[in-house]
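Here are my notes on the model you sent, set out as numbered points that can be followed alongside the coordinates. They go through the arrangement of the chains, then the sheets, and then some individual residues.

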2 protein chains.
Amino acid sequence: MSGLLRDYSPEALARFEREAAERYEAYKAKGLALNMARGKPSPEQLDLSDPLFNLTRNETGVKSSDGWDCRNYGVPFGLEETRSLFGEIMGVGKENVIVCGCSSLNIMYDYVSQAMTHGIAGGEPWLFCRDRKMIALVPGYDRHFKVAEHFGFDFVCVPMTAEGPDMDQLEAAVKDPAVKGMFCVPKYSNPDGVTFSAETVRRLAAMETGAKDFRVIWDMAYTVHDLYDETDELANVFEVAKEYGTEDRFIAVASTSKITFAGAGLSALATSDANIAEIKKRMAVQIIGHDKINQLKHAYFYRNLDDIKAQMRRHAELLRPKFETVQKILDEELTGLGVAQWSKPKGGYFISLDVTTGSAKYVETLCKDCGVVLTPVGATWPLGKDPEDKNIRLAPSYPSVEEIALAAEIVAVAVKLAACRALREGQTG
Amino acid sequence: MSGLLRDYSPEALARFEREAAERYEAYKAKGLALNMARGKPSPEQLDLSDPLFNLTRNETGVKSSDGWDCRNYGVPFGLEETRSLFGEIMGVGKENVIVCGCSSLNIMYDYVSQAMTHGIAGGEPWLFCRDRKMIALVPGYDRHFKVAEHFGFDFVCVPMTAEGPDMDQLEAAVKDPAVKGMFCVPKYSNPDGVTFSAETVRRLAAMETGAKDFRVIWDMAYTVHDLYDETDELANVFEVAKEYGTEDRFIAVASTSKITFAGAGLSALATSDANIAEIKKRMAVQIIGHDKINQLKHAYFYRNLDDIKAQMRRHAELLRPKFETVQKILDEELTGLGVAQWSKPKGGYFISLDVTTGSAKYVETLCKDCGVVLTPVGATWPLGKDPEDKNIRLAPSYPSVEEIALAAEIVAVAVKLAACRALREGQTG
C-alpha cells in the first residue's frame with residue numbers, strides 16, 4: 001500500500017478518519033480562540049519599534065535635514081531623508097520617491113482612482129473604458145482585487161507559478177487594449193511567497209501591451225521581509241524596464257507597516273520621472289501634506305538600508321519559529337498523503353496551502369468550529385470565489401508559537417477530515 | 001476738502017503720492033523678507049503642542065479605550081475617543097464621525113473623487129455629467145477652488161456678504177441640476193472671516209436644489225479658532241438640516257492642523273448616517289487605516305472640547321496681537337481715504353483687504369519688490385482670476401508682531417501708491 005490516502009483500503013480510510021475525528025473533537029473541547037486570518041505583526045514585533053513611539057523632540061529636533069520645521073505645513077511629497085530611505089529600499093533615487101501616510105493601499109487606490117477620472121499620460125479616463133479589465137494573479141491578495149472590483153474592472157485570471165505569473169498566459173492576455181493593468185507582490189508574494197524570477201521581471205518589462213496606459217502596481221510589501229540569511233533576490237524592475245523604455249509601466253509601493261508600526265508607519269511610492277510628475281500634480285490638489293513628525297522619527301531611527309535590515313533580522317528571529325512550526329506540523333501530519341501542498345517561503349507573511357479540490361471551505365468551517373479563524377477561503381481569488389475551492393492562506397505572524405502549533409495541528413486534522421469526506425464522495429483532487 | 005483721496009486737489013494728491021513713494025523707497029532699502037502668504041501657525045503656536053511630540057508609550061500606553069493596540073492594524077475609521085472629541089468639536093455624535101490622516105483637504109478631495117467615479121446615493125458618476133458646475137463663494141479659499149477645477153467643474157460665482165453667501169443668488173443658482181455642490185468655510189470664512197448667520201444656515205438647509213445629489217462641503221477649518229472671548233456663533237447645520245430632511249446634503253470636515261501640529265495633526269469628517277455608510281464602504285477598500293498612535297496621543301492630551309478650548313485661548317493670546325497690529329496700522333494709514341476696506345474678524349486666520357478696483361496685482365508687485373510676499377492676488381477667486389482685481393488676503397499668523405507691523409505698513413503704503421496711480425489713470429474704484 002502506497003502512502004496516498006486515496007490508495008487506502010476502505011477499512012484503513014475509516015480508521016484514519018475516525019482517529020482524525022477523535023482528535024478534532026478533543027481540540028474542539030478546548031474552546032480555543034486562535035486567529036491566522038491576517039498578516040498582522042505580533043505584539044513582540046511591535047515592541048521592537050517602541051523607541052520610535054518614545055522619541056521626543058529633544059532627541060530628533062523638529063527640523064528636517066534641509067531645515068523644515070516638521071511640525072508645520074510644507075514638504076507635501078516627503079522629507080528628503082525619508083525619500084532617500086525608501087529610495088534605498090525600493091532601488092531608485094530619492095527624486096523618484098514620494099512618501100505618504102501610513103497605508104500603501106491608499107497609494108494604490110489613489111493611483112487607480114486618478115486613472116479613472118483623469119486617465120494616465122494623456123489617455124482617456126479609465127471610467128470611459130466600459131469593458132475595462134484587470135489582470136488578477138491567482139492566488140493573490142484580496143485587497144488588490146477589491147480595489148479593481150470597486151472601480152468596476154472585470155478580471156482576467158493568470159495563475160502564479162514558482163517563477164511568478166505564467167508569462168505565456170499574461171503576455172497573451174495583455175494584448176487586449178481593455179486590459180489596463182495588474183497588481184502584483186513581486187517578492188514573497190501574497191499568499192504564495194514566490195519571488196518573481198529575473199526572467200519574469202524581464203518579460204514583464206518587455207511585453208507588448210494593447211493598452212498604451214497599461215500599468216503594473218508593483219507592491220513591494222515584503223521586499224526586506226526575509227526570514228533567513230539566504231534570501232530571494234528580486235531584480236530591480238526600473239533598471240530592467242529602462243532597457244525597454246517601459247519604466248512608466250511600473251508604479252512601486254512599499255511601507256513600514258511590517259517594519260515599524262502597522263498602525264502608524266510610513267508608506268511610499270516609487271516610479272518614473274513622468275509618473276512622479278503626473279502624481280505630484282494630482283497630490284498638490286489632493287493633500288496639504290503627510291505627517292512629517294512621524295517621518296522625522298523614522299529617519300532618525302533608520303538612517304539607511306543597513307539599519308532597516310538590522311531591524312528586519314530581529315523581526316525574522318520572532319517570525320521564523322512560527323513559520324517553521326507550521327512547516328514542521330504540516331510536514332509530519334500531511335506529507336505523503338497526497339491531500340495537500342503548501343508553500344515554503346523564505347520571507348513574507350504567509351503560507352499558501354492547497355487542499356483537496358472542493359474542500360477548502362469545508363476545512364475553513366471545521367477550523368472555525370474549533371475556534372481557529374483562517375483568511376476567508378476564496379479571498380485569494382477575485383470576487384472572493386476560488387473556482388476550485390482549494391486554496392487557504394495561513395498567516396502565522398500574530399499568535400504565539402504555542403498557539404500556532406495548536407492552530408496548525410487543527411488545520412492539519414481538518415485537512416485530513418475534508419480529504420476523507422472528499423474520497424467518500426468521490427471528489428478526489 | 002473731505003478726507004477721500006479722490007477729492008484731493010492735484011497738488012495735494014501729488015504731495016500725498018510723493019510722501020508715500022519716499023516711505024516706500026525707505027522700506028525697500030531695508031532688504032526685507034516677510035511672508036504673509038499662507039495661514040501658517042507660528043513656531044510659538046507649534047511649541048504649545050510639543051508635549052504631544054514628547055509623549056511616550058509609558059504615559060499613554062498603547063491601547064485605545066476599547067482595547068485596541070494602536071501600534072497594530074485595525075480601527076480604520078478612528079479610535080472611539082478621537083471620534084468623540086471631533087464629534088464635540090463638530091456638533092455630532094461619535095458614530096457620525098470618521099477620523100483620518102493629517103489633511104482635511106484630503107477628505108474633501110476624496111469625497112469629490114468618489115462622487116466622480118461612483119456617484120452619490122445611487123446617482124450617476126459626476127464624471128458623466130459633462131457640464132458639471134460647482135458654486136464658488138467669492139472671495140473664497142483657493143484650495144477648494146482647485147479641487148473643483150481639477151475635477152473639471154465650471155464655476156458659478158456667488159458673492160459673500162456679512163451673513164455668508166448671498167442666499168438669493170445661491171438659491172437661484174442651485175436650481176440648475178448640473179450644479180453639483182459647493183465648498184464653504186461657515187465660521188470665520190477664508191478670507192473674509194465671516195460667520196454664516198443662523199438665517200443663512202437655515203436657508204442652506206432648506207433650499208431646493210436641482211441636483212438630488214447636491215453636496216455642501218462644510219469646512220469647519222476655524223470652528224474653535226476664536227481670537228476673543230466674545231465669539232461668533234455658528235448654528236449646528238446637522239440639527240437645522242434634520243428639520244428639512246436634508247442632513248445628507250452636508251459633509252463637514254475639520255482638523256487639528258491649527259490646534260496642534262499643522263504638519264502632523266488629525267483630520268475628521270462628520271456627516272449623516274447614510275453618507276457615513278457610503279464613505280465607509282469606499283474607505284474599506286481605499287485604506288488599511290490611519291495613524292492610531294497620533295490619535296492616541298491627541299486623545300490623551302485633549303479629553304474633551306474644554307481641553308481644546310483652553311488650548312485655543314493660548315493660541316489666541318499669540319495671534320491677537322498680530323491681528324490687532326494689522327488692524328491698527330491699516331486704520332491709521334487708510335481710514336477715511338476711501339481707497340480700501342478690510343475685514344475685522346473675531347477669529348480665523350485671515351484679514352481680507354479690498355483695494356481700489358484694478359489695483360490688487362499692483363499692490364502685490366509693490367509689496368513683493370519690498371520683500372513682502374502676499375497670497376497671490378486672484379487666489380481668492382476660481383482659476384486664480386479676480387475679475388475686479390481688488391481682493392488681497394492677508395495672513396498675519398506666522399511672522400512676529402514686529403515683522404507684521406512692518407509688513408502691514410508696507411501694504412498700506414503700497415495701497416496708497418496704487419490708489420494714486422489709479423486716480424491719475426482715472427481708474428477710480
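1. Burial is used in several of the points below, so its cut-off comes at the start: a residue is buried if 20 or more other C-beta atoms lie within 10 Å of its own. Please also keep in mind throughout that this is a predicted model. With that cut-off in hand, strand β7 (residues 215–219) of chain A can be read directly: R215(A), I217(A) and D219(A) point one way from the strand, V216(A) and W218(A) point the other way, and all are buried. Because five of the five residues of β7(A) are buried, the strand is largely enclosed by the rest of the structure.

2. The neighbouring strand in the pairing, β6 (179–184) of chain A, gives a similar reading, since six of the six residues of β6(A) are buried and β6(A) is therefore largely enclosed by the rest of the structure. β6(A) and β7(A) pair in the parallel sense over four bridges, and within this pairing G181(A) stands opposite R215(A), while M182(A) stands opposite V216(A). Strand β3 (residues 133–138) of chain A is also joined to β6(A), in this case by three bridges and again running parallel, with G181(A) as the bridge partner of M134(A).

3. What follows β6(A) on the way to α9 (198–206) of chain A? The two are linked by a loop, and Y188(A) has its place there. Y188(A) counts as buried because it has 27 C-beta neighbours inside 10 Å. Leaving aside residues up to four places away in sequence, Y188(A) touches G193(A), T195(A), Y222(A), H225(A), D232(A), P345(A), G347(A) and G348(A). By contrast, H150(A) is 38 residues from Y188(A) in sequence and 26 Å from it in space, taken C-alpha to C-alpha.

4. How are the two chains related? Chain A can be laid on chain B by a turn of 180 degrees and a shift of 0.0 Å along the axis, with an RMSD of 0.0 Å. That is the relation of a two-fold axis. The copies meet through the same surface, because 100% of the interface residues of chain A are also interface residues in chain B.

5. The contact between the chains takes 45 residues from chain A and 45 residues from chain B. On the side of chain A that touches chain B, the elements giving two or more residues are α2 (43–47), α3 (50–54), α6 (104–118), α7 (142–150), α11 (273–286) and α12 (292–301) of chain A. Of these, α6(A) gives the most, with six residues. Sorted by class, this side of chain A has 21 nonpolar, 15 polar and nine charged residues.

6. Turning to chain B, an open sheet of eight strands has the order β2-β9-β8-β7-β6-β3-β4-β5, with mixed pairing. Its edge strands are β2 (97–100) and β5 (164–165) of chain B, each of which pairs on one side only. At the β5(B) edge, strand β4 (residues 154–161) of chain B pairs with β5(B) in the antiparallel sense over two bridges, and T161(B) stands opposite G164(B). Helix α5 (residues 80–90) of chain B lies across β2, β8 (250–255) and β9 (267–270) of chain B, and runs at about 115 degrees to β2(B).

7. Chain B also has an open sheet of three strands, in the order β10-β11-β13 and with antiparallel pairing. The edge strands here are β10 (340–342) and β13 (391–394) of chain B, each pairing on one side only, and the twist averages 20 degrees from one strand to the next. Strand β11 (residues 351–355) of chain B and β13(B) pair in the antiparallel sense over four bridges, with L353(B) opposite I392(B). Helix α14 (residues 360–369) of chain B lies across β11 and β13 of chain B, running at about 40 degrees to β13(B).

8. Is helix α1 (residues 10–29) of chain B covered or hardly covered? α1(B) is hardly covered, for the count of buried residues among its 20 residues is two. From its first C-alpha to its last, α1(B) reaches 28 Å, close to the 28 Å expected at 1.5 Å a residue. Just after α1(B), G31(B) takes a positive phi of about 60 degrees.

Notes
Residues are numbered from 1 along each chain as its sequence is written. Chains are lettered from A and ligands numbered from 1 in the order in which they are written. This is a predicted model: local features need pLDDT of at least 70, side-chain atom pairs count only at pLDDT 80 or more; totals for chains, interfaces and linings use all residues. A residue is buried if 20 or more other C-beta atoms lie within 10 Å of its own, exposed if 12 or fewer, and partly exposed in between; C-beta atoms are placed from the backbone. Two residues are in contact if their C-beta atoms, placed from the backbone, lie within 7 Å. Ala, Val, Leu, Ile, Met, Phe, Trp, Tyr, Cys and Pro count as nonpolar, Asp, Glu, Lys and Arg as charged, and the others, Gly among them, as polar. Two strands pair if DSSP finds at least two bridges between them. Axes are lines fitted to C-alpha atoms, for helices over the stretch in contact, and angles run from 0 to 180 degrees between N-to-C directions. The expected span of a helix is 1.5 Å times one less than its number of residues. Copies are superposed by least squares on the C-alpha atoms of residues with pLDDT of at least 70 in both.
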